Amino acid sequence: MATDMIHHTLVPKHAKISESEKEKLFEKYTTSAKELPKILKNDPAIAKLSVKEGDIIKVERKSKTAGISFYYRVVMNE
Amino acid sequence: MKKEHEELIESYADKLSLSVLDEVKITVPADITKEKLSKIMEEIVAAYESAKVNPGECVGLVSAESIGEPGTQMTLNTFHFAGVSEMNVTTGLPRIIEIFDAQKEIKTPTMEIYLESKYNNLDAVKKFAAKIKETLLGELVEEYSLNIFEQTLKLTLNKGLLKDYDLTGKEIIKNFKTKMKNFNLDSEDNTIIFTHKGKAEEIKELYNLKEKVKDVKIKGIKGIKQVLPVKRGGEYVILTSGTNLKEVLELDEVDSQRTFCNDIYEIYEVLGIEAARQAIINEVYKVIQAQGLNIDIRHIMLVADIMCANGIVKGVTRYGVVSEKASVLARASFETPIKHLINAALEGEVDNLTSVVENVMINQPVPLGTGLPGLVTKMK
């Protein structure tokens, strides 16, 4: 694709988090991967991150109320 | 501000939100002592914690009421701005329903195209607008003439329009070359002549050709039916009727960071689920503000989060988020109860009664507020 859609103002920053961060996250919110919101593997925003199923994506949202807020999504196949 | 003060404030990053920290940094006087600052920070944390929504608070219900109540005061119909040089778009309640139901075909798809700074002058904008507008051959034709004996179809094109679009008959022919198998093409000035190759007895084929030819795209981007350049705060923005986000974003002239459309599904397909969520919030908020209503944005954010939780955009309908509910009774209470109950019976579905509606139905305490906590024994 000629234009990079990731830089669009509607698209917040997406990043893959490491295994250790994953553990911390689950502990902090006492949750597990299957309870997190999902993101499809072929989502245009994570096309360049080379992710596999089960990875956690950290989304850095610009929020009107909180400045920046973090949101986590688990990668799903279809 | 001293560095140690800044560090102290930063150390609260996991307890407070970023906007609060920024506010503290701006408002705290520079000559404050470290002890006082840390005391202030503790106070802020306490205030922040008490302002948080309590566990068990039914936020969804509050959102539903907060959006529903002012929703009754919204205009029920689309406004028609006759004579105003803005385009007619769906607003008010129909638009809200459209967004929350995540309808795939929206009534008035539009785009707002922002341009790169070097194309931001009147001439370039006009030229670009003409370039992206989808032009069909039918719009250019002044006269069709069928000749049955020679099996030809002759199109006479409007000279003025040809000049406006900077086209000639020969260029238009190029669009056809690959598609026309049974016809020979020829062009002179502003006419195009189709001649049937074989000896067709019937005139039907020529008639079909005439209808088909009308819808052939000559230039522009598919889907962009109308363009309207407007000036907005010192720069030109092109409003369109009809959308094609993907192809427009790839054009060089377009500012591919700010250009967007009002079709949530299209945004989802081109930019991803997070962009779709943001678009839902923006679009709903736009409608609410245009109506002069005041709904806290958190309610809209909550609905948008629910709609986008599964990686695809789901409407608040019985096919969308409601179908995700774990309880049969909760689904049956929304719409088409018989269908849900019969299917559940056939599949032998189990209802664990973990949520609100099903417990209301069978007259039990609902897991909300003080009804939520229960005794748990930790088995280890």
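# A guided tour of chains A and B

Start with both chains on screen: 29 residues of chain A are in contact with 34 residues of chain B. Keep in mind as you go that this is a predicted model.

**Stop 1: the interface**

Colour the two chains separately and look at where they meet. Together, chain A and chain B bury about 2,500 Å², and 58% of that area is on carbon and sulfur atoms. Now select A:His8, A:Leu10 and A:Thr65; these supply 24% of the area that chain A buries against chain B, more than any other three residues. The size of an interface is often given as the accessible area lost when the parts come together, and that is the kind of figure quoted here for chains A and B, about 2,500 Å².

Stay at the interface and switch on the charged side chains. How many salt bridges does the rule find across the interface of chain A and chain B? There are three. For a salt bridge between the two chains, select A:Arg61 and B:Glu274, whose side chains meet with N to O at 2.9 Å. Then widen the selection to take in A:Arg73, B:Arg277 and B:Asp305, since salt bridges that share partners join these residues with A:Arg61 and B:Glu274 into one network.

**Stop 2: chain A on its own**

Hide chain B for a while and show chain A as a cartoon. You should find one helix and four strands, in the order β-α-β-β-β from the N terminus on. The C-alpha trace spans about 40 × 30 × 20 Å along its principal axes. Chain A has 78 residues, of which 41% count as buried. If you draw the contacts in chain A with a separation of 6 or more, residues 24 or more positions apart account for 57% of them.

**Stop 3: strands around E4**

Select residues 67-76 of chain A, which make up strand E4. Which strands pair with it? Add residues 38-40, strand E2: three bridges join E2 to E4, and the two run parallel. Zoom in on A:Ile39, and you will find its bridge partner in E4, A:Val75.

Next, add residues 56-63, strand E3. Here the pairing with E4 is antiparallel and extends over eight bridges. E3 and E4 form a hairpin, with three residues between them. Look at the A:Ser63 end of E3, where the bridge partner in E4 is A:Gly67.

While you have these strands up as sticks, a background point may help: in a regular strand the side chains alternate between the two faces of the sheet.

**Stop 4: charges in chain A**

Select A:Asp55. Is this residue buried or exposed? It counts as buried, with 5% relative accessibility. Two lysines are worth showing beside it. One is A:Lys16, which forms a salt bridge with A:Asp55, the closest N and O atoms being 3.8 Å apart. This pair links distant parts of the chain: A:Asp55 is in the loop between E2 and E3, A:Lys16 is in strand E1 (residues 13-16), and 39 residues separate them. The other is A:Lys52, whose salt bridge with A:Asp55 has its closest N and O atoms 3.5 Å apart.

Turn on the surface to see how the two lysines fare. A:Lys16 is partly exposed, with a relative accessible area of 39%, while A:Lys52 counts as exposed at 53%.

Before leaving chain A, select A:Lys58 and A:Phe70. The charged end of the lysine sits over the phenylalanine ring, 4.3 Å from its centre.

**Stop 5: over to chain B**

Bring chain B back. A lysine lies over a ring here too: B:Lys210 is over the face of B:Tyr144, at 5.2 Å from the ring centre.

Move on to helix H12, residues 264-271 of chain B, and show B:Tyr265 and B:Tyr268, which lie three residues apart, about one turn of the helix. They form an aromatic pair that is edge-to-face, 6.5 Å centre to centre with 85 degrees between the planes. The structure holds one aromatic pair over all chains. Both B:Tyr265 and B:Tyr268 are buried.

For the final selection, take B:Arg298 and B:Asp296. Their salt bridge has its closest N and O atoms 3.0 Å apart. B:Arg298 is partly exposed, with a relative accessible area of 47%, and B:Asp296 also counts as partly exposed, at 36%. To carry on exploring, you can look for further salt bridges: the structure holds 22 over all chains.

Definitions and conventions. Residues numbered from 1 in each chain as written. Chains lettered and ligands numbered in written order. Predicted model: local features only at pLDDT ≥ 70, side-chain atom pairs only at ≥ 80, totals over all residues. Heavy atoms only, no water. Phe/Tyr/Trp six-rings, centres within 6.5 Å; stacked < 30°, edge-to-face > 60°. Buried < 20%, exposed > 50% of the residue type's maximum accessible area, 1.4 Å probe, protein only. Lys NZ or Arg CZ within 6 Å of the ring centre and 35° of its normal. Pairing = 2+ DSSP bridges. Contact = heavy atoms within 4.5 Å. Buried area = accessible area lost by both parts, 1.4 Å probe. Salt bridge = Lys/Arg side-chain N within 4 Å of Asp/Glu carboxyl O.
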